[in-house]
Amino acid sequence: MMKKTLTLLLMLLVGYCRAQNADSVTIRKIYNEALSNGQSYEWLRHLTKQIGPRLSGSTGAQKAVDWTKQLMEQQGFDRVFLQDVMVPHWVRGAKEEAYIRNGKQKTTVPIAALGGSVATGPKGVEAGVVEVKSFTELRALGADKVKGKIVFFNRPMDPTKINTFEAYGGAVEQRANGATEAAKLGAIGAIVRSMTNVHDDNPHTGSMRYGTGVPLIPTAAISTNGADLLSKSLSENPNLTFYFKQNSETLPDAKSYNVVGEIRGSEKPDEIIVVGGHLDSWDLSEGAHDDGSGCVQSIEVLRILKSLGIKPKRTIRAVMFMNEENGLRGGVQYADLAKKNNEKHIAAVESDNGGFTPRGFGIVGTPDQRAKAIAWKPLLAPYGLTEIGPGGGGADIGPLATLGTVLFGFKPDTQRYFDYHHTAVDRFEAVSQRELELGAASMAALVYLLDQHGL
Ligand SMILES: [Zn+2]
């Protein structure tokens, strides 16, 4: 009896090792293909240099839809299709102007209207400034001190946080809700320190939203150098004034699309695995790290599988989501359609943290599902994927969680992401070919394991 059990255990172990070995051989091939014949970098060059900024509703966004559809058709994927989605259509208008007026001296500073903000009117806004580091500090000042002023939100991202996304999370409420909190106390404008740890002259735009029942006041990001100068000037002269003019406008919603390409599963075609990024970008940038990288990496995942002759058991989809930046309509629409069409999405992988050196994946799922994926670590760690555990999935795939889909957020190194995020310098030149290709291979390896073993 004892002997029988031992033999059985041994057989299971041998089987397990063989499976692991087959997996490790395939993963090696995936990396070889990505690093020797990778296409993602040239695709990114086209998306950033030939198409450029792709804010929802813009002609750039439409060109990106047309081009990625055509690209996936050229790759010979089994099916390529669009999903209609209505998206917000905000436009910046003419470039903003801003200066600090300190006595007779006017010093120009770089600002960028926040996405969704109203304009200042053609004459701009000029007023005294109250500087705060938090909403608590703002409320403590009260309407007496804030009414008729411009509120300057100057809490920096915490430089001691090792993961820069944590630092971003600790500061971004100023950008998202600062205008509303300021308007509640009668302010006439809100200026927000850019979300970055670097000190430079690039304002970082990003989305904001207005609360209901509160006046809509104009709001803009100021570069970190500009914020430091404003703060220093205020400490010397609390009575200085700040002037800004912006010309932004919200137009009626526009029709746009998610772009989907798929390789149909050979054994379980009804089980779907998504790999994706978002196709829209902010208007100031080429959207190279955010999120052109995630888009080209996702298409590259399917190309790698196809070129290696891997016939997935399940259906693998590359999804270019539309409108992550200022509405998430594409992600919501994708999940709504999945529900309506009774599609079974077992897993979704998103790359939206930049095209940097891969570190791992964050997982959203049950403890059992997470444990199964964490058990693949020995297969992935040789490629630098050591951070595999609970974590965020991704904004676009987030709505799939209600369907029971297990979510995976690709985690590259975070140290440089916010040097570029939502600025004019998030361009092709900021992306390393090597790092981008390693990311695509990492995603392909995970998708391969998900397809082979399920969750
Ligand atoms: Zn993004």
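Donors to a metal are N, O and S atoms within 2.8 Å of it, and water is not among the atoms, so a site may look incomplete. The model examined here is predicted. By this criterion, the zinc ion is coordinated by H278 through NE2, by D290 through OD, and by D352 through two OD contacts. The distances run from 1.9 to 2.7 Å. The four donor atoms subtend angles of 52 to 147°. The site is therefore irregular, since tetrahedral geometry would need all angles between 85 and 135 degrees. Along the sequence, the donor residues follow the spacing H-x11-D-x61-D.

The chain is divided into two domains. Domain 1 is made of two segments, 32–88 and 252–453. Domain 2 covers 96–249. The centres of domain 1 and domain 2, taken over C-alpha atoms, are separated by 33 Å.

The interface was examined next. On the side of domain 1, 14 residues are in contact with 18 residues of domain 2. Between them, domain 1 and domain 2 bury about 1300 Å². Carbon and sulfur atoms account for 65% of that area. In domain 1, the residues that lose the most area to domain 2 are W282, T414 and F418. Together they make up 42% of what that side buries.

Polar contacts were also counted. Five residue pairs are in polar contact between domain 1 and domain 2, with both residues at pLDDT 80 or more. Zero salt bridges are found across the interface. The side of domain 1 that touches domain 2 has five nonpolar, seven polar and two charged residues.

Conventions. Residues are numbered from 1 along each chain as its sequence is written. This is a predicted model: local features need pLDDT of at least 70, side-chain atom pairs count only at pLDDT 80 or more; totals for chains, interfaces and linings use all residues. Side-chain values use heavy atoms; hydrogens and water are left out. Domain bounds come from an automatic or database domain assignment. Contact means heavy atoms within 4.5 Å. Buried area is the accessible area (1.4 Å probe) that two parts lose on being put together, summed over both. A salt bridge is a side-chain nitrogen of Lys or Arg within 4 Å of a carboxyl oxygen of Asp or Glu. A polar contact is a pair of N or O atoms within 3.5 Å; within protein, one must be able to donate a hydrogen and the other to accept it, and residues adjacent in sequence count only if both atoms are side-chain atoms. Ala, Val, Leu, Ile, Met, Phe, Trp, Tyr, Cys and Pro count as nonpolar, Asp, Glu, Lys and Arg as charged, and the others, Gly among them, as polar. Donors are N, O and S atoms within 2.8 Å of the metal (3.2 Å for Na, K and Ca); water is not among the atoms, so sites may look incomplete. Four donors count as tetrahedral if all angles lie between 85 and 135 degrees; four count as square planar and six as octahedral if opposite donors are over 155 degrees apart and all others between 65 and 115; anything else is irregular.
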